[in-house]
Amino acid sequence: MSTDSTNTVNQAAAKQDPQQLHDDLHEIWGNPKGLKALTIVNHTTLGLRFMVTGMVFFLIGGILAMLVRTQLAMPDQDFMSPDIYNQVTTMHGTVMMFLFAIPMLEGLAIYMIPKMIGARDLVCPRLTSLGYWCYLFGGIILTSSLILEMAPSSGWFMYTPLSSSEFSPDLGSDFWLLGITFVEISALSAGVEIVVSILRTRTQGMALHKMPLFAWYILAMALMIVVGFPPLILGSILLELERAVGMPFFEVAGGGDPILWQHLFWLFGHPEVYIIFLPAAGIISTLIPVFAGRPIVGYGWVVFAIIVTGFISFGLWVHHMFTVGIPQLAQAFFSAASMLVAVPTAIQVFVWLATLWLGKPKMKLPMLWVMGFLIIFVCGGLTGVMLALVPFNWQVHDTHFVVAHMHYVLVGGMFFPLIAGLYYWLPLFSGRMPSENLGRWGFWLTFLGFNGTFLIMHWTGLLGMPRRIYTYDTGMGWDIYNLLSSVSSFVMSAGIAMVLLDIALHFRFGKPAKQNPWNADTLEWANSMPPSAYNFVSLPKVETRHPLWDDPNLPYTMAEGKHSLAVASHGRREMWGTDPITGKVREIIHLPGNSWWPLFAALALAVVCISLLVRVYALAGIFVLIAGVFLLRWSWENGTHPKAAPEAAVTPGDPPLHSRTMDGPGVWAMAIFLIANGSFFLSYLFGWFYLWTVSPEWRMPDISPLSLSLLVAAGLAVSAGCGVMEKLIRGLRHKSDVGLGAGLYLVGGLGAVQVVFTGWALYGANLSPTETSHDAVMLFGLIYALFHGGLAVILTVLQGLRVGYGYVGAYAPFEPVVVAQLWRYNVVTFWVLVGALAVLPRVIGS
C-alpha cells in the first residue's frame, strides 16, 4: 500500500469519533456472555484460560510434590504405599511437564504475541479455541486417574516394558497415553497458530529484524513444538496399539524393541527442555532492557543464539540414554553435542549481563525474579555440562543428582522467569500494580526454599541415593539431607502460596496503573489496561525495535484511530497480512467470529478418548466420524462464506481481503501442519529402519507380502491427481476458473482410485500384525497412507461443492491452493512408503 493512500486512510480515520469507533469495534469483536462464552475465540480470553487452567494443574502437581517430599523426609516411612508413591511421582512429573509448563507458556504467548506485533488476534482463532478445549478435556481425563486410583505408575517417561501390559496391566498407562496424546493436539494447534501469526500478521513495517525478541523466542518455541511433538504422538499411538490389540512394537519376542520407545520419547523430550527454556529466556530478554533503561546489547547475537539452540536441541536426545548400551561413537557424538549447546546459552547470559552492566538497573519486583533465574539457571547449566560427560553420567544417571539438575534447569529456567513475566505484565491483565512487599516475601521464600530443596539433592545423589525409590533404610547417610530437602520444599511452597495470594489480592486492592507503568518499549503497552477484545483501534506503521521509546504518544494516536484499519462499518474482524520478511502489507486478513464448532469437535474427541480407555471401540469409531463431521462443518464457514466475510469491499487504497488472494494464512497454516505431519512420518520411518537393523528378533519374510503392482498403480493415481490439481492452480493464477469444479471432482476421483488400490494391496497382504512387529509396522504405514488419501479426497470434493456454491473461483482462489499442498505431501510420502515397505526389502532382502 502506498504512503499516499495510507495518509488518505489515516486522515479519514482522524475525522471519526474515537468513542464511536471503539463502540463499533466492540460490537464486532466483543465477547458474548452466559453460555455463549463457550464460543469465544478471542486470543486474550483464550490465553487467560490457558494460563488459569495451567495454574490449577500447577497446584495439583505441587501438592503431589509435597506428598513425595513428605514420604522421603524420614527413612522407613509408610506414609504412602509403594504403588501409590509410584502413581504420585509419575503424575507429578506428567502434570508439571505436560499440563503446566508447555500450556502455561503457550497461553502466555497466545495472550501476548498479537499485542506485541501489533495485531488484533491470532490468525486462526478457532484453532486456538480447539487447542484450549483439547487441553482442558485431556488434562481432566488424565488427572481423573488420580481420583479413580488408576493413575500411571511407570514414571513420567513411561519406559517400556515397565509401561507395557505385562508389567502395567491396569488402565494407568492407557490414561497417560490417551490423555497426553489429546493434550499434544492442543500443543500442536497452538504451535501452528503462533508460527503463522508471527510470520504473517505483524503490523505494517515491522520487518523480521525489527521484531521484539520475545516474538523471536516464541517463534522458535512454536517451530520446535511443530517438529518435536510428533515423535511422542507416534510413540504413544504405537504403545497404546500394543497394549490394546497386541501389536508388538516394543516387545522383543515379537520383533520389537523397548529402546525404540526411549528414542521416540527423547526425540520429543530433549527439545522440550528448550521449548520450555526459550520462552522463559524471551521474558528475560524483554525485561532486562526495560529495567536497565537501554536497548539490549547484541540483538543479532541473541537471534543467532535462539536459532542455533533450536537446531542443536534436536541432536541431543541420546544423552538421556548413555546407560542403555549404545555404541561408544554415538556416546562421543552426543556428549560433544550436549556440551556444544552451552555456547548459544552462554551468549544469551553474557548479553543479559552486558545489558545490565551498561544500563542503570532498577531493582523492581520483576527484576528480583530475573536475578534469581540467572543464579539458578547458571548453576543448572553447569551440572548439565557435568552430565554431558559419559563417565560421570554413568555414575549418577539413576540418582537424585539427575533429579536435582532437572529441577534447576526446568524450575529455575522456566518458573522464575514466568513469575517475573507475570509480575511485569500484571498491569496489562488487570490495570493494577502488584504489591512490592508481598511479592518480595514470596520471592525470598521461594528462592531460599528452592535452593534448600534441590541443592541438597545434588549431595544425596552423589552419596548414591537412587531416584524412583519410595523409601530407604536408616544409616545410609541420607537421613539429614532428605529431612532438610523436605523442610525446604515446604518453605518454597509457602513462597509460591504468597505469590499466588499477592496476584489474587492485587486484582481487588492493587494500586491503579498508569499508561505504560514500567516505561517499556514494546507495543503491548500501547493497549488499554485491561486490553479490549480487539487490542488496537488502529494499527500503526512500526519501523523500529522500540516503538514506545521512539514515540511515547503512539498509544494515544492509536486509540484515537489515527492509523490504519480504523474502520468497522463492514462488520468484519480484520487485521493486516504482511510479508514474512519485510513486514510490507500484502492483504487484509479477515477472521472468523465466535463459534461452537471447536468445542463440539473437542467434546467428540474426548468421547473417543474415553471410549478407547474403556475398550468400547465401536463407540470410539462413531465419535471419530462425528468429530470429522464437526471439523468439516467448521471448515465450510471459511473463505468467502457469508459468515466468514460479510462483504468484500475494502477502503480505497487498501489491499484485497486474503480470501481473494492465493497466499492467505490458510496456505501457511497447512504448510506448518504438514511440517508436523512430516515429522510424524519421518519418526515412523525411523522406527521401521531402527527395528529392521537393531531388533534381535526382527522377522522379515523372504518375499514381501505387498503387491508392488497395486502400490505402483495407487502411486500413479495419486501422482496424476496431483498433476491435475497443479494444472487447476495454474489456471487460477491466471484468473481462469473454467472447468474448475469438474477438475476438482476428477482429482477427487483419482484420489479414490489411490485409496482403493492401497486398500486392495493391504487386504491381499494377509498381514499378522499381532504376531510380528514387521507386519504391525507395515500395517500402520499403509493405514497412514489410506487416511491421508481419504482426507485428500474428502477435502477436494468439498472444494468442488464450494465452487458450485460460489465460494471458490477465480475471484476467490486460495482454498484450492491449501488442498493442493496436501496432494503434494501425499505424493511424496506415498512413494517413500512404497520404496521403504515394498521396494527396499526386495532389493536388499531381510
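A residue is taken as buried when its relative accessible area is under 20%. In the predicted model described here, Leu795 has a relative accessible area of 18% and is therefore buried. Leu795 belongs to helix α24, which covers residues 773-805. Apart from neighbours within four places in sequence, Leu795 contacts Leu632, Val819 and Leu822. One of these partners, Leu632, is 163 residues away from Leu795 in sequence, while the C-alpha atoms of the two are 8.5 Å apart in space.

A second position, Gly593, lies outside the helices and strands, in the loop that joins β2 (585-591) to α19 (597-613). The relative accessible area of Gly593 is 26%, so this residue counts as partly exposed, the class between under 20% and over 50%. When residues up to four places away in sequence are not counted, Gly593 touches Val41, Arg126 and Arg573. Gly593 and Val123 are separated by 470 residues in sequence, and their C-alpha atoms by 12 Å in space.

The protein as a whole contains 25 helices and two strands. Of its 846 residues, 62% count as buried. The C-alpha trace extends over about 80 × 75 × 50 Å along the principal axes. A compact globule of 846 residues would be expected to have a radius of gyration near 28 Å, and the value of 27 Å for the protein therefore agrees with that expectation. Among contacts with a sequence separation of 6 or more, 82% are between residues 24 or more positions apart.

The packing of one helix pair was examined in further detail. Helix α8 (residues 258-292) and helix α12 (residues 365-388) have axes that come within 10 Å and cross at roughly 130°. At this angle α8 is therefore oblique to α12, as the value falls neither in the range of 65 to 115 degrees nor over 145. The crossing of α8 past α12 is left-handed. On the α8 side, the residues that meet α12 are Phe277, Ile284, Leu287, Ile288 and Phe291. Their counterparts in α12 are Pro366, Met367, Val370, Phe373 and Phe377. Classified by residue type, this contact between α8 and α12 comprises 10 nonpolar residues, with no polar and no charged ones.

Key
Residues numbered from 1 in each chain as written. Predicted model: local features only at pLDDT ≥ 70, side-chain atom pairs only at ≥ 80, totals over all residues. Heavy atoms only, no water. Axes fitted to C-alpha atoms, helices over the stretch in contact; angles between N-to-C directions. Helix = DSSP H or I, 4+ residues; strand = E, 2+ residues; numbered from the N terminus. Parallel < 35°, antiparallel > 145°, perpendicular 65-115°, else oblique. Left-handed = near helix turned anticlockwise from the far one by under 90°. Contact = heavy atoms within 4.5 Å. Nonpolar A, V, L, I, M, F, W, Y, C, P; charged D, E, K, R; others polar. Rg over C-alpha atoms; globule rule 2.2 N^0.38 Å. Buried < 20%, exposed > 50% of the residue type's maximum accessible area, 1.4 Å probe, protein only.
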